[in-house]
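Trainee: Could you take me through a close look at how one pair of helices packs, and then place that pair in its wider setting?

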2 protein chains.
Amino acid sequence: MSYVNESAVAGSVLAARSVDFPPRVTIIDEGEPARAIYQIVSGNVMISKLLPDGRRQIFELLGPGGIFGVTPNGHHDSVAESLTEVRLTAFDKIPAENASNFNSFIAELLKIQICALHEHAVLLGRKSAVERVASYIMELIETPSNQARINQDLVTIRVIMTRSEIADYLGLTLETVSRAFSHLKRSGIISYERHDGIMQVHIKRLRPLTGTY
Amino acid sequence: MSYVNESAVAGSVLAARSVDFPPRVTIIDEGEPARAIYQIVSGNVMISKLLPDGRRQIFELLGPGGIFGVTPNGHHDSVAESLTEVRLTAFDKIPAENASNFNSFIAELLKIQICALHEHAVLLGRKSAVERVASYIMELIETPSNQARINQDLVTIRVIMTRSEIADYLGLTLETVSRAFSHLKRSGIISYERHDGIMQVHIKRLRPLTGTY
């Protein structure tokens, strides 16, 4: 953990520190006292909740710019875990929440995340297994850094999440996720070797299978 | 629609108007230009999205204090429909979003709604049909106005939503929702007549079936 100077946010100057985490560690735990709000500088973080019997639902995959650790009360409502190496900016909760410019900044990011949660509710509540997996692959492709490639026919991506994590994100069993990937592979829409997560995707053939277009 | 004087929000004074709607009308439509942000004064509003083939997912049930119409861009991402007679306060979007006190006020409400969306994702992705229906009934009971009754054994509530709307909220088919209600009725945990929506609930027997406790 390294401390840096102050960070300018939405016009106000707030004490912030830079924090690094290796892949697949718990950054915040459900029920833990909320002391900081985090914004991702680089890397990916997944947000989830557990039921008492251990069932897990992942509901947010966040990349650079995404925030987490925002809660209406003093405790975190969910778990945040690093998927890759991540660099975060941590803002101490109390001074941050008393800065009105910071709240404007947070409100804008929360609006974006609420839209993503709405989309994800449609996926979880109404899409078939193949539609969910197709939507997940499109979500990996449609990141801001991929804008230039979105109109290509064939795109190569890297799937970082395990099949089991994908199942917990899509509200499916591991077996159903594996079957949906195999179905898309047999249909020639995606191609991959299992060991490295590298996947070739025929975007124009995949998109109509998401249920959204 | 009646216009009232200005409304004080979080210390700032913003032009606001009071708007009334009858039950089951569309207040905002998906894709519509976003001109106002709404806060519920009385009544209930449901928020949903449609897939192009007509499948619908309802993901928020809002009561007094809840806000909707908040979007990161110029268009609404979802549909808002009145469930009951509703009275709303409408804030014009542009002056509201330029008032930092209003953004602090919005940020606090968005944090509460994000926690509810997280809970709902767990329900949609990981709960069984009976757990979803039990969670839905507990959600109707656990409203702020019901705090005094929450420790009673037997509580009477009124279910306003149709079985079909409940199915769209819980990510189930109509038949599965009806079967889960029948199962809970046969088990003596809830009792109801079909025509009026009035339901008696044995809270202590229902709560363990939600999967959450």
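**A helix pair in chain A**

Mentor: Happy to! In chain A, helix 4 (residues 163-170) packs against helix 5 (residues 174-186) at an angle of about 105°, and their axes are 8 Å apart. Because angles of 65 to 115 degrees count as roughly perpendicular, helix 4 of chain A is described as roughly perpendicular to helix 5 of chain A. Please keep in mind that this is a predicted model.

Now for the residues that touch. Helix 4 of chain A brings A:Arg163, A:Ser164, A:Ile166, A:Ala167 and A:Leu170 to the contact, where they meet A:Leu174, A:Val177 and A:Ser178 of helix 5 of chain A. Sorted by character, the residues of this contact are 5 nonpolar, 2 polar and 1 charged.

Elsewhere in chain A there is an open sheet of 4 strands, in the order 3-10-5-8, with antiparallel pairing. Its edges are strand 3 (16-21) and strand 8 (67-68) of chain A, each of which pairs on one side only. Within chain A, strand 5 (residues 36-42) and strand 10 (residues 86-92) pair in the antiparallel sense over 6 bridges. A:Ile40 has A:Leu88 of strand 10 of chain A standing opposite.

Finally, the two chains. A turn of 180° with a shift of 0.0 Å along the axis lays chain B on chain A with an RMSD of 0.0 Å, which means that they are related by a two-fold axis. In chain B, the C-alpha nearest the axis belongs to B:Ala107, at 2.4 Å from it. Both copies use the same surface, since 100% of the contact residues of chain B recur in chain A.

Note on methods
Residues are numbered from 1 along each chain as its sequence is written. Chains are lettered from A and ligands numbered from 1 in the order in which they are written. This is a predicted model: local features need pLDDT of at least 70, side-chain atom pairs count only at pLDDT 80 or more; totals for chains, interfaces and linings use all residues. Axes are lines fitted to C-alpha atoms, for helices over the stretch in contact, and angles run from 0 to 180 degrees between N-to-C directions. Helices (H or I, at least four residues) and strands (E, at least two) are DSSP runs, numbered from the N terminus. Angles under 35 degrees count as roughly parallel, over 145 as roughly antiparallel, 65 to 115 as roughly perpendicular and the rest as oblique. Two residues are in contact if their C-beta atoms, placed from the backbone, lie within 7 Å. Ala, Val, Leu, Ile, Met, Phe, Trp, Tyr, Cys and Pro count as nonpolar, Asp, Glu, Lys and Arg as charged, and the others, Gly among them, as polar. Two strands pair if DSSP finds at least two bridges between them. Copies are superposed by least squares on the C-alpha atoms of residues with pLDDT of at least 70 in both.
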